[in-house]
Amino acid sequence: MTYVVTVDTCIPEGTPEMDPLQRAGAVALIEDGFDSVRAVEGPDGVEVGLLDTIVAVHPGGALLKVIVDAPALEFAEDSVRALVDELLERSELLADWTIERCEVELHQDLAKRSLDAAEGPDVPPDDPAARKARHAESPAPEDTEEGYGAEAKAAAVRRQMLGLAAELRSFPLAKFGVLGDGDDERGDGDDEFAVSPESARLAAGALVYATDILVDELFEDVQVLTQEDASVAECEGPLWHLERLPDRYALRYDAHFARRFLVTVIAMTTRFTDGSFQQLSCVAEELALRFLLSQATMTLELYELLDDEVSAALDAFADSVYEDMDHEWLYDDSTDGIDEASAGAALGVAPIAFSSWFTPFNEGRYVHPSAADEPEAAAQ
């Protein structure tokens, strides 16, 4: 069975954060280590196959997604931990790094539903497209007991989101429309425009909560495109998110592009949570933020937590992070061609041609080395 193992690694405590050159070196060391391995021996001599890896290095360490073929979840986790331990120890520059987390992340609700229905009339369909359709369906009307359970679940998710809000370290509550540090600092006539601190925290926590969902589902999209060796336009399997990119380039969204986009999402959200974010770096990050906002909104709606004030908080956040909305031209088929530099220049539209999606807007912007343009492409 295929498992996606998430590994959080950190630089030694008290060590200065890595600069861009050090991060690029760490990426190369880790990726070279993975490239030298095809399989790893798990507990009891069981062989675990290494299928794919994604490496996203940030100033304080690295986030790894390791896709393996293993007979059980425990074998996957134990084997990947042993492998990453060995890779770190093998390199003098990484030997002091620590593994903070190594686990397979399962969506609890869907896992429980599958287990409960494993031998019953509601057994989940084998076809992935049918499973995706079932998961996307709106919940059926519930009786009183089930309704109470749904309310309890919503309350638990709300508490979790509020607890996660502090992890969005790059953004004070003012970025979500809060005036001052609390309600007492609102001026006359500001109430209808300001957002309460609690609603702002719920919006911030929803973004962190949605990050895990978005990253995991994009991993699935990468796997589908890799297995079919197809673009989004040609893909017959179910995709969670990449189908929502601008249609005009659907033939160019292949597995290689999908990996670069996934790394971009990880790099962007890492800067959101480690406090280092300053500005969006490229068109791909603008699209990634669009996906993250959409996922956060859908998740809040799913648990009936999206009221007008929380929605206003997300809008305020988007307004504060986006410098412009030129990327929306990509979704307007009537303006096909406006995204090319020569066509858009007259209207003041920044170059957003497909070839420039992973190109930094300027020298001060950070694009992860695994997503950045190859030297030949960047020179064009």
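**Strand pairing and salt bridges in a predicted model**

G49 stands opposite D69 in strand 4. The model is predicted.

User: Which residue of strand 3 does A39 stand opposite?
Analyst: Strand 2 (residues 39-41) pairs with strand 3 in the antiparallel sense, over three bridges. Within strand 3, A39 faces G49.

User: How many residues lie between strand 3 and strand 4 in their hairpin?
Analyst: Strand 4 covers residues 61-69 and pairs with strand 3 in the antiparallel sense over nine bridges. The hairpin that strand 3 and strand 4 form has between them two residues.

User: Is strand 3 largely enclosed or open?
Analyst: Strand 3 runs over residues 47-58, and ten of its twelve residues are buried. Buried means under 20% relative accessible area. Strand 3 is therefore largely enclosed.

User: Which residues are linked with R101 in a network of salt bridges?
Analyst: The side chains of R101 and D8 meet in a salt bridge at 3.0 Å, N to O. That pair links strand 5 (residues 98-104) to strand 1 (residues 2-10), with R101 and D8 93 residues apart. R101 also forms a salt bridge with E103, the closest N and O atoms being 3.2 Å apart. The network thus links R101 with D8 and E103.

User: What distance separates the end C-alpha atoms of helix 8?
Analyst: Helix 8 has 20 residues (283-302), and at 1.5 Å a residue it should span 28 Å. The model agrees with this, its end C-alpha atoms being apart by 29 Å.

User: Which residue of helix 8 forms a salt bridge with R271?
Analyst: R271 lies in helix 7 (residues 255-274), and its partner in helix 8 is 14 residues away. The closest N and O atoms are 2.8 Å apart, and the partner of R271 is E285.

Conventions. Residues are numbered from 1 along each chain as its sequence is written. This is a predicted model: local features need pLDDT of at least 70, side-chain atom pairs count only at pLDDT 80 or more; totals for chains, interfaces and linings use all residues. Side-chain values use heavy atoms; hydrogens and water are left out. Helices (H or I, at least four residues) and strands (E, at least two) are DSSP runs, numbered from the N terminus. The expected span of a helix is 1.5 Å times one less than its number of residues. Buried means under 20% relative accessible area, exposed over 50%, partly exposed in between (1.4 Å probe, protein chains only). Two strands pair if DSSP finds at least two bridges between them. A salt bridge is a side-chain nitrogen of Lys or Arg within 4 Å of a carboxyl oxygen of Asp or Glu.
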